[in-house]
Each structure stands twice: as C-alpha cells, then as structure tokens.
Amino acid sequence: MVLSSPAQAGDQSLQKTVASIRWLAAPTSASWLDQANARPIEVLIDHAHCERKAAGAAVQLMFRYLCEPGLGEALSPLAREELQHFEQVLAVLKRRGRYLEPLPSPGYGAKLAKQVRRPEPDRMLDSFLVAGLIEARSHERMALLAEHSPDQELRQLYGALLASEARHFGLYWMLCEERWDRSVVIPRLEQLAAHEAQILTGELENPADVRMHSVGVFSP
C-alpha cells in the first residue's frame, strides 16, 4: 500500500471537490491555490487586468467581424459586463489602498493566441475557442478562490462573479455552435484545450509571480 503525502492528499481532495469546468483539459492544482491565497493583492490586480483585456478582446472581435450577423448583439453586452467586473475589482483594490499597477504577464494569453490559425473561417473559430478557454479557466480559478480564500471580502467578490463568468464561456461556445458543426468544433477545441493545459503545466519559480493564469494544473 502506497501512502499519499500531505501535498498529494490535498491535490486529490481538490480534484474531487471542485466541479469540472467544461472545455478544460486539466484542473488547477492545489499549489496554484496556495500561491494565490498567499498573495491576494497580486492576484486581484492581475484579475483587474484580465477583466480589462476580456472586454477589449470582445470589442476587437466585433470590429474584426463587423458585418457578422448576430455577433455584435452577443459581444457588446459581454464587453460591458467585463468592464463592470473591472470596476468592481478596482473598487476592492481602492478600499485596500491600492490601484491598478503594471504586472509582468505570465504570457498565457499570448501563447494561446499563437495557436489561432490565420486563414478564415478557421481564424474566427479559433478566436472564439481561445476566448472561451480563457473564460473557462478564469471561471474555474475564481470558483476555487470563492470557496477557499481565507479573505471573506474576496470570497464574496469571486462568488458574485461566477454566474456571469459561466455565461461568458458559454456564449463563446454558442457562437461556435451557431456557425460550425460539432464535428468541426469539438476536435479543434480538444486540441486547443490540450495546449492550454500544457501552457499551465509546471511549477512557479518565483511565488510572487502568481497570477490568475499562472502555471499550476494537474498533468493532463
């Protein structure tokens, strides 16, 4: 009989208790959660940047596909909601005597963006799927913080954002299903999800570099 170490036992418990998030190929590890809870302000500042970038990504897609039927109607409310979240996070930061600050990026979004194919309509499909993966990972990690953060205000903040974050990655899935058959969407999603998990595989060398999308997943 092989006994698990305390760290392994914690990882196993986390895997069992956290609901699986659609789209993701690998769940977040206990090590990421420990790092995030140890440096809540860094994660909060990065979260504000993430909300800002998510709004920008939705607007960028609206401009790129200006005449795509139904796209503006779907993405305009999403962009507004992302900015509302941005404002909520800023308000928490200000109450704690902080504000938006530049932070070194973990490179997560840029690495995923490199997987987007350039010819159309592949570019549109990949853009929707990458945006959805980012939303799905954000939702998963906010759910962990809403449940496990030792800070009550942060638990309430992340918990309040969960429903809308779930809608966001569901919206990108809907945009794909409206335009492509599942026989096209699902294999490509699986490829991108595997790459997303690979980007987050490994251990963080400097704990101060923890971000909403820094490394820390169970090996896929």
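A residue is called exposed when its relative accessible area is over 50%, and buried when that value is under 20%. The structure described here is a predicted model. Within it, C67 has a relative accessible area of 71% and is therefore exposed. By contrast, C50 has a relative accessible area of 18%, so this cysteine counts as buried. The number of disulfides in the structure is zero. C67 accordingly belongs to none, and the nearest cysteine sulfur to it, that of C176, lies 20 Å away.

The nonpolar interior was examined next. The largest nonpolar core contains 37 residues, and W23, L75, F128, L129, Y172 and L175 have the most contacts inside it. Two or more residues of this core are given by each of α3, α4 (71–95), α5, α6, α7 and α8. The greatest contribution is that of α6, which supplies eight residues. The surroundings of F128 illustrate how parts of the chain meet. With residues up to four places away in sequence set aside, F128 touches W23, L61, L71, Y172, L175, C176, R179 and W180. Another core lies apart from the largest one and has 25 residues, including V43, A48, L144 and V210.

Open spaces were also analysed. The largest pocket holds about 700 Å³ of space. It is lined by 33 residues, of which K53, A57, G109, V130 and I134 are the closest to its centre. The elements that provide two or more lining residues are α3 (40–64), α5 (108–113), α6 (122–148) and α7 (152–177). Of these, α3 provides the largest share of the lining, with eleven residues. Sorted by class, the lining of the largest pocket comprises 14 nonpolar, nine polar and ten charged residues.

The second largest pocket holds about 180 Å³ of space. Its lining is made up of 13 residues, and those closest to the centre are P106, K111, L204, S214 and V215. The classes represented in the lining of this second largest pocket are nonpolar, with six residues, polar, with three, and charged, with four.

Enclosed space was assessed separately. The count of cavities of 30 Å³ or more comes to one. The volume of the largest cavity is about 50 Å³. Its lining consists of A36, N37, P40, V43, L145, S149, L154 and Y158. At least two of these lining residues come from each of α2 (30–38), α3 and α7. Six residues of the cavity lining are nonpolar and two are polar, while no charged residue is present. V43 appears in the lining of the largest cavity and also among the residues of the 25-residue core.

Finally, the position of one glycine was considered. G216 is located in the segment after α8 (182–199). The relative accessible area of G216 is 0%, which means that this residue is buried. Apart from neighbours within four places in sequence, G216 is in contact with T28, S29, W32, R141, L200 and G202. The separation of G216 from E135 was also computed: the two residues are 81 residues apart in sequence, and their C-alpha atoms are 17 Å apart in space.

Notes: Residues numbered from 1 in each chain as written. Predicted model: local features only at pLDDT ≥ 70, side-chain atom pairs only at ≥ 80, totals over all residues. Heavy atoms only, no water. Helix = DSSP H or I, 4+ residues; strand = E, 2+ residues; numbered from the N terminus. Buried < 20%, exposed > 50% of the residue type's maximum accessible area, 1.4 Å probe, protein only. Contact = heavy atoms within 4.5 Å. 1 Å grid on protein atoms, 1.4 Å probe; cavity = no way out; pocket = protein on both sides within 12 Å on 5 of 7 lines; lining within 4 Å. Points joined across faces, edges and corners; volume = space filled by probe spheres on them. Nonpolar A, V, L, I, M, F, W, Y, C, P; charged D, E, K, R; others polar. Core = buried A, V, L, I, M, F, W, Y, C linked by side-chain atoms within 4.5 Å. Disulfide = S-S within 2.5 Å.
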